[in-house]
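Okay, hi everyone, thanks for coming. I'll put my structure up on the screen, and then we'll walk through a few spots together.

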Amino acid sequence: MIASHVHALREGDDAAKMAAARALGNLAEETDNQFLIAEAGAIPLFVELLCDGSAAGKVAAATALCNLADHGGNQVLIAEAGGIPPLVDLLRDGNADDAKLIAAWALGNLACNDDNQVLIAEAHGVPPLVDLLRAGSVEDQRQAARALHNISYNNDGNAIAIAAAVGLDALVQLARNGRMTLGRRLSSNVGGPAKRKAALVVAALLGGCVPDSARRRVPRVIMAVIGSYL
């Protein structure tokens with residue numbers, strides 16, 4: 001059954017590819033099938049459909065990749081096949097039903113891998129996740145928050161990038177106590193190095209707002225404000 005669907009995904013017309021992607025996505029909800037589908041060579045074909053398919057075909061491919069990414073080995077294979085940038089594109093620009101939700105869900109699964117955390121940030125995945133967190137449906141917000149949490153887990157650089165995308169308040173929260181929040185939708189704890197980096201970013205932002213006439217007093221003022229957090 002898996003082999004025939006993979007064949008349709010490779011050789012079929014647009015309708016056949018979309019149907020095959022949906023069928024394989026359903027099969028990939030079962031853990032045992034996640035390995036078998038990847039072994040049959042489906043992952044690069046899903047990425048191709050995600051890049052070049054119709055709007056509905058892209059959602060079907062993203063759903064299949066999302067389910068496959070429950071498997072740790074598949075998280076690596078999806079990244080190696082180039083799946084992260086088109087998922088970010090779908091997150092940013094998708095207009096089919098649930099397109100952004102599925103993309104956020106898939107990226108959240110992929111971000112369970114440390115290397116993928118970096119790749120998602122490099123693909124500029126943080127800003128559209130923050131946008132979805134602010135303006136999406138309740139389920140959109142839940143998946144965006146989960147993805148952002150996974151992207152920032154044990155990754156200070158990503159934590160700073162997320163806080164910067166959220167805004168100055170989140171940066172200050174991070175500098176003060178290693179936690180950033182946006183309403184009830186995002187809560188992420190990080191370690192001491194991230195607090196220090198966030199404090200330095202806040203300092204740079206504060207310094208950039210000071211007129212030249214007061215520039216000599218800036219270091220003392222900023223140190224008084226953030227020194228206890230460094």
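Let's begin with a warm-up: in which helix does aspartate 115 lie? That's helix α9, which covers residues 114–122. And keep in mind as we go that this is a predicted model.

So, is aspartate 115 buried or exposed? Its relative accessible area is 56%, and exposed means over 50%, so aspartate 115 counts as exposed. Now find glutamine 75: it's 40 residues away from aspartate 115 along the chain, yet the two C-alpha atoms are separated by 9.7 Å.

Okay, on to the inside. The largest nonpolar core has 66 residues. The ones touching the most other members are Leu9, Leu24, Ile37, Phe46, Ile84 and Leu129. Helix α5, residues 55–68, gives this core its largest share, with eight residues.

Let's zoom in on isoleucine 37. If we skip its neighbours within four places in sequence, isoleucine 37 is in contact with Ile2, Leu24, Leu27, Ala28, Ala42, Phe46 and Leu68.

Last stop, a pair of helices: α7, residues 84–93, and α8, residues 99–110. They pack at an angle of about 145°, and their axes are 8 Å apart. The crossing of α7 past α8 is left-handed. Who meets whom? On the α7 side you'll find Ile84, Leu87, Val88, Leu90, Leu91 and Arg92, and they meet Ala99, Lys100, Ala103, Ala104, Ala106, Leu107 and Leu110 in α8. Sorted by type, the residues of that contact come out as eleven nonpolar, two charged and no polar.

That's my tour, thanks for listening!

Terms used
Residues are numbered from 1 along each chain as its sequence is written. This is a predicted model: local features need pLDDT of at least 70, side-chain atom pairs count only at pLDDT 80 or more; totals for chains, interfaces and linings use all residues. Side-chain values use heavy atoms; hydrogens and water are left out. A nonpolar core is a set of buried Ala, Val, Leu, Ile, Met, Phe, Trp, Tyr and Cys residues joined through side-chain atoms within 4.5 Å. Buried means under 20% relative accessible area, exposed over 50%, partly exposed in between (1.4 Å probe, protein chains only). Helices (H or I, at least four residues) and strands (E, at least two) are DSSP runs, numbered from the N terminus. Contact means heavy atoms within 4.5 Å. Axes are lines fitted to C-alpha atoms, for helices over the stretch in contact, and angles run from 0 to 180 degrees between N-to-C directions. A crossing is left-handed if the near helix is turned anticlockwise from the far one by less than a right angle, and right-handed if clockwise. Ala, Val, Leu, Ile, Met, Phe, Trp, Tyr, Cys and Pro count as nonpolar, Asp, Glu, Lys and Arg as charged, and the others, Gly among them, as polar.
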